[in-house]
Amino acid sequence: MLVVPLLLAALAYALWRVLAGYPTPSERYGTLARHEVAFVLAAADALFPRGGPVPPSGADAGVPAYVDRYLAAVPPLLRFLMRCLFLLFEHATFFVAAPGSGGRRRFSSLSPEQRVAVLDRWRRSSSFAMRIVFTSLRAIFTMGYFADPAVLRALRLAPYAIETPIVEADLLYPPIGRSVDEIRFGPQDLGPPSDGRPLDLDGPLHPAYAEGGRS
Amino acid sequence: MTSVPAKGQVRVFADYDRDVDERCDVVVVGSGPGGSVVAKELAEAGRDVVLVEEGPPFTPQDFEWDGGRSMTRTMREAGLRTTRGHVMPTMQAICLGGGSLVNSAICVRSPERTLAGWCSDYDLEHGSRADLDPHYDAVASFLGIAPTPENVQGPRNLLFKRACDALGYSSEPIARNVRGCRGSGECFTGCRSRAKQSMDLAYVPAAIRAGARVLTSARVERIAMQGRRATAVSGRVVAPFRGTPSWRFRVEAKTVVLAAGCMATPVLLRRSGDLANASRQVGENLQFHPGTAAMGVFPEPTHPQFGATQGYQSLHFVGEGFKLETLWTPPALLAVRVPGYGLELKRHLAEIPYAAEWDAIVSTNRSLGRVVSRWRSLDPVLHWNFHPEDFRILARALFVLVEMFFAAGAKKVVHGVHGLPDEFHSIDEARTHERRELRPTDIVVAANHAFSSTRMHGNPRHGVVDELGRCHDTDNLYIADTGVLPRSPSVNPMFTAMAFAHRTARAIAAR
Ligand SMILES: Cc1cc2nc3c(=O)[nH]c(=O)nc-3n(C[C@H](O)[C@H](O)[C@H](O)COP(=O)(O)OP(=O)(O)OC[C@H]3O[C@@H](n4cnc5c(N)ncnc54)[C@H](O)[C@@H]3O)c2cc1C
Ligand code: SF4
């Protein structure tokens, strides 16, 4: 008779351990839940702590906001799988503790050294599946980090400004979301095609990546 | 020459306000390198052509330079599609122009030996290089295919040449469908210079000029047949990026050409009542060119953001089953391979401006997969496994790349092989690991060249289409994507698929 209430209690405890006790994020996120934000912040800063040759940390570079937008942009099944990935990573240390004292806590509650040790365990695992999980997770965070213009500028990898010639196709298709009636160009706008001049490495940066550009 | 299209000749998502019913001589499904060649050639031959494409047209305003975000917009399944069995990423574009919008524009003719092998192994009578050359020539002259000029190679491409020269391997600037390249290395996210002659800029406008109608954001879901004759295609208008279905459309045609890509065409055939499948070969024989890349770090800056995306190649080892190329990807995707965490990772990232990335692609003729339909979806399930012999070629190719980096003066090489040190600091260090038995899961592979899922065969019992791309079981249903290649073309597949598509168009026009 006692089994059912005991099972329910165990379930409630497990849910509480998994989902409760997370701080309210300082920013608003459209897709990420509170517990996901905590995990993303912890993992982003473990991968990309502040300082070193590229100053911004994962959080400074806006990785959580990027992951939030990225999740919204991928198809529903992939979004679900990514969320499972975050959940798995966040709670795997309940089952296989991180090294050091207090290692049987959620990933986001571990010390920075313990987080790095956990990441390393995933990466060097002899299991291909675990390595794939790690690689997928790292890929999302790295894309987020590199979406920050400040990071790209620090690495001298920001794109350059390029004058885009008006070509015949511009008379045929409007920007996505617009109707063909809204095409702004006519035959009189056609310019000379690209002249093949090599990119000027001292030239200005792409406006969205220049200092003060879109972040 | 330019002409302003007639009202309704090009339709984009925002233009549809009711169900669409069209009639024409030829409907072409898919506007990638295969489909757009057919559309242009037949429109110029005086046929009334409708080209149907599921993706939207992209203008420079729609390009996203950020690699991750770009993939969610230009690629199916947000660019995260993988095979099952051996898990390997593989991408297919969803946009006007198909793969040509995001690819590196590499155009290489299949070697004579490869094509001769196809003729003997697949009962093809007119598949030699001499037979195909006129079709290659026609595509090359229309697209201005030419070797990448020296002044836009940039150091990371020229170091590859230096390595080949030092080791006595042949190498050459890559011929590409590009006019006026500025060396921005951003072919993957869209050429802002409008230099890359992707299909949306070249073949599709020419088709429109010749009178073709183009329906974009229109997903074909079914092919209708009457006996041996295809009579129409039908489907739904879909919102860009989300794929949410809205209006219905139907295009009746005297001839139907499928060019939805080798991962999509088999699904369409299956969903339409298992068409053209008396041979049971639809969706079978799926092949890839699995590729792996390594990054060399040099003492001097390589200014890697300058230079043609893929400017140099070596065909030296094609006889052994692999091809070597230079490569550049958006920094976000490149950085995924950089080892380490925390400040150590950042130190490695700071070396990217001193780096070059080169890749090897492998002809894996023994590693056959299949395309399977997914429940209530047009996205395919792809099964594929590495044959041990093919994997051995890949492992060897990777070590050749490592050797080349050191020959070009690299101070270290990052290879991404599991179980080995993260970096090699000398060729001697690399050699101590060369003999180690590696497993397919130890090397990071990806494959963006896919083909052979509706292969060509002279014998209707062993292949889906004949030499001209017509499905054996039908009178007027053709396939014109990379699915028709009987097996690996030994080099990048786009040019050969376009040559075949050109021949298919000529055959339809002659009927
Ligand atoms: C990143 C990348 C780089 C590459 N680089 C090179 C290179 O440099 N050189 C080279 O030779 N090859 C390269 N490739 C491969 C090359 O792009 C492909 O082999 C080529 O695009 C295949 O052409 P296709 O016409 O067969 O199919 P696709 O290019 O896939 O075109 C098929 C089209 O059909 C549309 N479609 C699919 N289903 C439907 C449907 N149901 N209804 C309507 N439309 C549909 C798709 O949206 C797509 O636009 C690369 C591929 C990638 C992804
Ligand atoms: S390297 Fe740059 S300029 Fe050249 S074709 Fe590619 S995107 Fe265009």
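Here are some notes on ligand 1, the two domains of chain B, and the contact between chains B and A.

1. Before anything else, keep in mind that this is a predicted model. Everything below describes that model.

2. Let's start with how chain B is divided up. The domain assignment splits it into domain 1 (10-57 + 200-285 + 451-510) and domain 2 (61-107 + 145-194 + 290-446). Notice that each domain is written as several stretches of the chain, so don't look for a single run of numbers when you colour them in. The C-alpha centres of the two domains lie 30 Å apart.

3. Now for how these domains meet. Domain 1 of chain B puts 38 residues into the contact, and domain 2 of chain B puts in 40. Between them they bury about 3,000 Å², with 60% of that on carbon and sulfur atoms. On the domain 1 side, look for Met263(B), Asn492(B) and Met494(B): they supply 21% of the area that domain 1 buries against domain 2, more than any other three residues.

4. Next, have a look at ligand 1. There are 37 residues around it, and the ones that come nearest are Glu53(B), Arg76(B), Gln92(B), Gly99(B) and Met494(B). You've met Met494(B) already, in the list for the domain contact. The shell around ligand 1 takes at least three residues from each of domain 1 and domain 2 of chain B.

5. Which kinds of residue make up the shell around ligand 1? They divide into 18 nonpolar, 14 polar and five charged.

6. Some polar contacts are worth finding on screen. An N or O atom in the side chain of Arg76(B) sits 2.7 Å from an oxygen atom of ligand 1. For Asn103(B), a polar side-chain atom is 3.0 Å from a ligand oxygen. Cys95(B) uses its backbone instead, with an N or O atom 3.2 Å from an oxygen of ligand 1. Overall, the protein covers 94% of the 990 Å² of accessible area that ligand 1 has on its own.

7. As for secondary structure, helix 1 (33-44) and strand 9 (218-226) of chain B are the elements giving two or more residues to that shell. Strand 9 gives the most, with three residues.

8. Finally, the two chains. How many residues of chain B are in contact with chain A? The count is 81, against 79 residues of chain A. The chains bury about 6,300 Å² between them, 62% of it on carbon and sulfur atoms. Arg182(B), Tyr341(B) and Lys346(B) supply 14% of the area chain B buries here, more than any other three residues.

Note on methods. Residues are numbered from 1 along each chain as its sequence is written. Chains are lettered from A and ligands numbered from 1 in the order in which they are written. This is a predicted model: local features need pLDDT of at least 70, side-chain atom pairs count only at pLDDT 80 or more; totals for chains, interfaces and linings use all residues. Side-chain values use heavy atoms; hydrogens and water are left out. A residue is near a molecule or strand if one of its heavy atoms lies within 4 Å of it. A polar contact is a pair of N or O atoms within 3.5 Å; within protein, one must be able to donate a hydrogen and the other to accept it, and residues adjacent in sequence count only if both atoms are side-chain atoms. Accessible areas come from the Shrake-Rupley method with a 1.4 Å probe; for residues, only the protein chains shown count as cover. Helices (H or I, at least four residues) and strands (E, at least two) are DSSP runs, numbered from the N terminus. Ala, Val, Leu, Ile, Met, Phe, Trp, Tyr, Cys and Pro count as nonpolar, Asp, Glu, Lys and Arg as charged, and the others, Gly among them, as polar. Contact means heavy atoms within 4.5 Å. Buried area is the accessible area (1.4 Å probe) that two parts lose on being put together, summed over both.
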